[in-house]
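Student: I would like to learn how to read a structure like this one, a feature at a time. Could you take me through it slowly?

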Amino acid sequence: MTRFIFAILIAALAAGAASGMQNPLRDRLLRNERAEEVTGWYQRADTGEFFLFDRSGEAALLRERDDANAEVLVLYPNRAPGGGTAFITDTGREVIRLTGLGGATYFPADAPNGVIVEFASPSGALTPAPRSPGEVRALAEDLARDLAHRLDRNISVEYAPAPRAGLGVQYDALRLIAHAFAIAGSDRRLRDVEQINLVLGDQPSAHRDGDALIVVIAPQLGYAGRPSSAYLADVLLGADS
């Protein structure tokens, strides 16, 4: 009986392919096969733009624009209402939702109600670019200088030495700190920030300690080893307290 059903299934798929006509069963199976792709480019139905979605690690990664300098979002799977899997940031924002049948809905900042996206092609995993100690030091100095100019006072930026394999994460964390201050703008709650301390730990986190912003990174986790810029902005503005 099982062999008979299997033969019918193969015949139905072959007939659809041969005729060139739509075959719902074949299309459904193809969507399911694509849903198993753990890393790939997806295309928005509304704008035609692409983004890279990487599910090869414990946490998923998504680079929202086809831009090597764009922030890589770290996403955590959660059960979606009505089934499927929602992927959310460390601030709880849902970014993409996958259904059990292989469909996907994307929730970018410019379309918060969601847009349909389609799998376009497979891709390699997202990993931080290698950096040297000199690059990390130069970026830390640039951050201190830029924040001192913006906040009109001296700002110190200190960081713990990271293993060479983790320098890319450390460098990226400094970039996101700068972005977090830009998100926070000129809010009065930034007036008492005078220090930024980048320390190493087992899990990423951040908190305010008096006049210091403490940012914990876990270099061994790759992109998942640093908080997002949105999370850091919330901490700067006291949303964690």
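Tutor: Let us begin with a single residue and its surface: at a relative accessibility of 69%, Asp152 is over the 50% cut-off and therefore counts as exposed. Please keep in mind throughout that this is a predicted model.

Student: Where is Asp152 found, and what is its phi?

Tutor: Asp152 sits in the loop that runs between helix H3 (133–151) and strand S9 (156–159). Its phi is positive, about 60 degrees, although Asp152 is not a glycine.

Student: How many helices and strands does the protein have, and what share of its residues is buried?

Tutor: There are five helices and 12 strands in the protein, and 37% of its 241 residues are buried. As for contacts, if we take those with a separation of 6 or more, residues 24 or more positions apart account for 48% of them.

Student: Which residues of a helix are buried, taking H5 as the case?

Tutor: In helix H5, which spans residues 229–236, the buried residues are Ser229, Leu232, Ala233, Val235 and Leu236. These residues cover an arc of only 160 degrees around the axis, and so they lie on the same side of H5. Among the elements that cover the buried residues of H5 are helix H4 (167–184), strand S11 (205–209) and strand S12 (212–217). After H5 comes Gly238, which has a positive phi, near 80 degrees.

Student: How is a pair of aromatic rings described, and how many such pairs are found here?

Tutor: The description rests on the distance of the centres and the angle of the planes. A search of the whole structure finds five aromatic pairs. Take the rings of Phe53 and Phe87: their centres are 5.3 Å apart and their planes stand at 85 degrees, so this pair is edge-to-face. Because Phe53 belongs to strand S2 (residues 50–54) and Phe87 to strand S5 (residues 85–88), the pair ties together parts that are 34 residues apart in sequence.

Student: Are Phe53 and Phe87 buried or exposed, and which residues form an aromatic cluster with them?

Tutor: Phe53 counts as buried at 1% relative accessibility, and Phe87 is buried as well, with a relative accessible area of 7%. The two belong to one aromatic cluster, formed by Tyr42, Phe51, Phe53, Phe87, Tyr106 and Phe119.

Student: What can be said of charged residues, such as Arg44 and Asp54?

Tutor: Here it helps to look at place, accessibility and contacts together. Arg44 lies in strand S1 (residues 39–44) and is buried, with a relative accessible area of 6%. Not counting residues up to four places away in sequence, Arg44 touches Glu49, Tyr106, Pro108, Asp110, Ala111, Val115, Ile116 and Val117. Arg44 and Ala120 are 76 residues apart along the chain, while their C-alpha atoms are separated by 9.8 Å.

Asp54, which has its place in strand S2, counts as buried at 2% relative accessibility. If neighbours within four places in sequence are left aside, the contacts of Asp54 are Val38, Thr39, Ala59, Ala60, Leu61, Ala125 and Leu126. From Asp54 to Thr127 there are 73 residues in sequence, and 10.0 Å in space, C-alpha to C-alpha.

Student: Is Phe107, in its loop, buried or exposed?

Tutor: Phe107 lies in the loop between strand S7 (104–106) and strand S8 (115–122), and with a relative accessible area of 13% it is buried. Leaving aside neighbours within four places in sequence, its contacts include Arg93, Glu94, Arg97 and Pro112.

Student: Finally, how should I read the empty spaces: what volume does the largest pocket have, and what volume does the largest cavity have?

Tutor: For each space, one asks about its volume and its lining. The largest pocket holds about 360 Å³ of space. Its lining has 17 residues, and those nearest its centre are Gly57, Glu58, Ala59, Leu221 and Ala224. By class, the lining of this pocket divides into nine nonpolar, six polar and two charged residues.

The count of cavities of 30 Å³ or more comes to one, and the largest cavity has a volume of about 50 Å³. Leu73, Val74, Tyr76, Thr89, Asp90, Arg226, Pro227 and Ser228 form its lining, in which four residues are nonpolar, two polar and two charged.

Key
Residues numbered from 1 in each chain as written. Predicted model: local features only at pLDDT ≥ 70, side-chain atom pairs only at ≥ 80, totals over all residues. Heavy atoms only, no water. 1 Å grid on protein atoms, 1.4 Å probe; cavity = no way out; pocket = protein on both sides within 12 Å on 5 of 7 lines; lining within 4 Å. Points joined across faces, edges and corners; volume = space filled by probe spheres on them. Nonpolar A, V, L, I, M, F, W, Y, C, P; charged D, E, K, R; others polar. Buried < 20%, exposed > 50% of the residue type's maximum accessible area, 1.4 Å probe, protein only. Helix = DSSP H or I, 4+ residues; strand = E, 2+ residues; numbered from the N terminus. Arc of directions from axis to C-beta. Contact = heavy atoms within 4.5 Å. Phe/Tyr/Trp six-rings, centres within 6.5 Å; stacked < 30°, edge-to-face > 60°.
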